[in-house]
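Open the model in your viewer and keep the selection tool handy. We will go from a pair of helices to what lies around them.

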Amino acid sequence: MSDGVIKSVGRIFEILEFFDQERRPLAAKEISKELGYPLMSAHQLLKSMYQLGYVDFDAPNWTYMPSKSFTSILDWVPDIIERETSILDFANALNRETQETVNISKRIGTQVRIIHGLESVHLVGVSVKVGVTMPAGNSLTGLVALASLNDEEFSKYLNYINSIDSDQREKFDKRQLDDVREDLARYGSAAKGDVLVDGVGAVCLPVKTLANQETLVIGVVGPSKRIAQCADQHRQTIARLAKEHGIKTSFKLK
């Protein structure tokens, strides 16, 4: 857990992520064992979540499940990307033509979160999971998002990681960001492999939403070697399809 995160808050979200991973009712004992919490702490957190109406409790089996009340809180979130039909059509076209995984991500503070994803058709590809977060300063998607910030916004990001995310601060390499900025200035997209995960590469570009000119990052993702071999071809495909779909990009595509 990152420095500066209140322990109980962090644990609640880890429990919710564990429910998402398992997708079944879970007992406090299972959660305690898997996440390394004292059993009493797991019981107390689940009891509080139950009292607030965010999990249901099956007394005969002593198991918990996220409630309808909790899931309904987030019902509005997909609407943000669903309203951006041009961006979704662009992502679908990229997925069809490149046959690689395509994801759409959004920066939230010091993290980037995948908000939409399309799977590769290759036998060997990179799977995508909507909702996954990555450190902005240690992933290609995040670096592309950071490269789109103005000086004031970037200073705020640095202040955030200096104060609340020491792990990201220690791993952040300004030279990597400079390389991404150079790539974006030259091509309008950035291609790189093995940034966050060894063996995974991507070609990413920042785009603007029509609704509020918010920056999203679209990535064509696959095994590093295949992405490196096809990077120029993917860039040409990105430029052509972006023009066809009227996508507004943060940097001029070439």
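Select helix α7 (residues 140–147) and helix α10 (residues 174–187); α7 passes α10 in a right-handed crossing (right-handed means the near helix is turned clockwise from the far one by less than a right angle). The helices are DSSP runs of H or I, at least four residues, and strands are E runs of at least two, numbered from the N terminus. This is a predicted model, where local features need pLDDT of at least 70 and side-chain atom pairs pLDDT 80 or more, while totals for chains, interfaces and linings use all residues. Residues are numbered from 1 along each chain as its sequence is written, and side-chain values use heavy atoms, leaving out hydrogens and water.

Next, show the side chains between the two helices. Leu 140, Leu 143, Val 144, Leu 146 and Ala 147 in α7 meet Gln 176, Leu 177, Val 180, Arg 181 and Leu 184 in α10 (contact: heavy atoms within 4.5 Å).

Now center on Val 144. Leaving aside neighbours within four places in sequence, Val 144 is in contact with Val 180, Leu 184, Ala 190, Cys 204, Leu 205, Pro 206 and Val 217.

Widen the selection to the largest nonpolar core, which has 26 residues (a set of buried Ala, Val, Leu, Ile, Met, Phe, Trp, Tyr and Cys residues joined through side-chain atoms within 4.5 Å; buried is under 20% relative accessible area with a 1.4 Å probe, protein chains only). Leu 140, Val 144, Leu 146 and Val 180 have the most contacts inside this core. Among its suppliers of at least two residues each are β5 (111–118) and β9 (215–223), but α7 gives the most, with six.

Methods. Axes fitted to C-alpha atoms, helices over the stretch in contact; angles between N-to-C directions. Buried < 20%, exposed > 50% of the residue type's maximum accessible area, 1.4 Å probe, protein only.
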